[in-house]
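Let's go through this one by asking how each label is earned. Here's the structure to keep in view.

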Amino acid sequence: MTVPSSLEVLTHRLELLRAERAAAMTDSLRDTTGDAADRATNVEASIRLQLLDERIALLELELLELRSAPHQDGIVNVG
């Protein structure tokens with residue numbers, strides 16, 4: 001059994017968050033039919049979308065740092 005690297009785990013997590021964001025985006029879209037209440041923005045989905053955007057941005061920064069960090073053979077990295 002091969003243990004995935006930190007980079008693989010974080011990249012997979014980023015893909016999952018982006019898929020979750022796409023679903024949240026669909027939930028937050030306004031319906032163009034019905035009365036004013038039907039066309040109101042789904043506030044809960046909009047908040048979830050914002051939180052996902054923040055988590056995605058932080059994960060992208062973490063991946064960038066991981067990719068730019070020099071690897072040293074024989075040294076165990078935290079993470």
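Q: What makes residues of H3 count as buried, and which ones are they?
A: Buried means under 20% relative accessible area, exposed over 50%, and partly exposed in between, with a 1.4 Å probe and protein chains only. In H3, the residues that land in the buried class are Ala45, Leu49, Leu52, Ile56, Leu59 and Leu63. One caveat up front: this is a predicted model, where local features need pLDDT of at least 70 and side-chain atom pairs count only at pLDDT 80 or more, while totals for chains, interfaces and linings use all residues. Residues are numbered from 1 along each chain as its sequence is written, and side-chain values use heavy atoms, with hydrogens and water left out.

Q: What do the buried residues of H3 pack against?
A: Their partner is helix H1 (6-28). Take leucine 59: leaving aside neighbours within four places in sequence, it is in contact (heavy atoms within 4.5 Å) with Leu10, Arg13, Leu14 and Leu17.

Q: How do you know that H3 spans what a helix should?
A: Helices are DSSP runs of H or I with at least four residues, strands are E runs of at least two, and both are numbered from the N terminus. The expected span is 1.5 Å times one less than the number of residues. For the 26 residues of H3 that gives 38 Å, and the end C-alpha atoms are 38 Å apart, so the two agree. As for the whole protein chain, there are 3 helices and 0 strands, which reads α-α-α along the sequence.

Q: What makes the largest nonpolar core a core, and which residues are in it?
A: A nonpolar core is a set of buried Ala, Val, Leu, Ile, Met, Phe, Trp, Tyr and Cys residues joined through side-chain atoms within 4.5 Å. The largest one here has 9 residues: Leu10, Leu14, Leu17, Ala24, Leu49, Leu52, Ile56, Leu59 and Leu63. H1 and H3 each supply at least two of them, and the largest share, 5 residues, comes from H3.

Q: Why is the pair glutamate 60 and arginine 18 called a salt bridge?
A: The rule asks for a side-chain nitrogen of Lys or Arg within 4 Å of a carboxyl oxygen of Asp or Glu. Here the closest N and O atoms are 2.6 Å apart, so the pair qualifies. Glutamate 60 sits in helix H3 and arginine 18 in helix H1, so the bridge ties together parts 42 residues apart in sequence. Glutamate 60 is partly exposed at 35% relative accessibility, and arginine 18 is partly exposed at 43%.

Q: How many salt bridges does the rule give?
A: The count is 2. Arginine 21 also bridges to aspartate 53, with the closest N and O atoms 2.4 Å apart. Arginine 21 belongs to H1 and aspartate 53 to H3, so this pair links parts 32 residues apart in sequence.

Q: Why is leucine 51 called partly exposed?
A: Its relative accessible area is 45%, so leucine 51 falls between the buried and exposed cut-offs. Leucine 51 lies in helix H3 (residues 43-68) and joins Val43 and Ile47 in a nonpolar surface patch of about 270 Å². Such patches take residues with over 30% relative accessible area and no salt bridge, joining nonpolar side chains (Val, Leu, Ile, Met, Phe, Trp, Tyr) within 5 Å and like charges within 9 Å.

Definitions and conventions
Areas by Shrake-Rupley, 256 points an atom, 1.4 Å probe, with all protein chains shown as cover.
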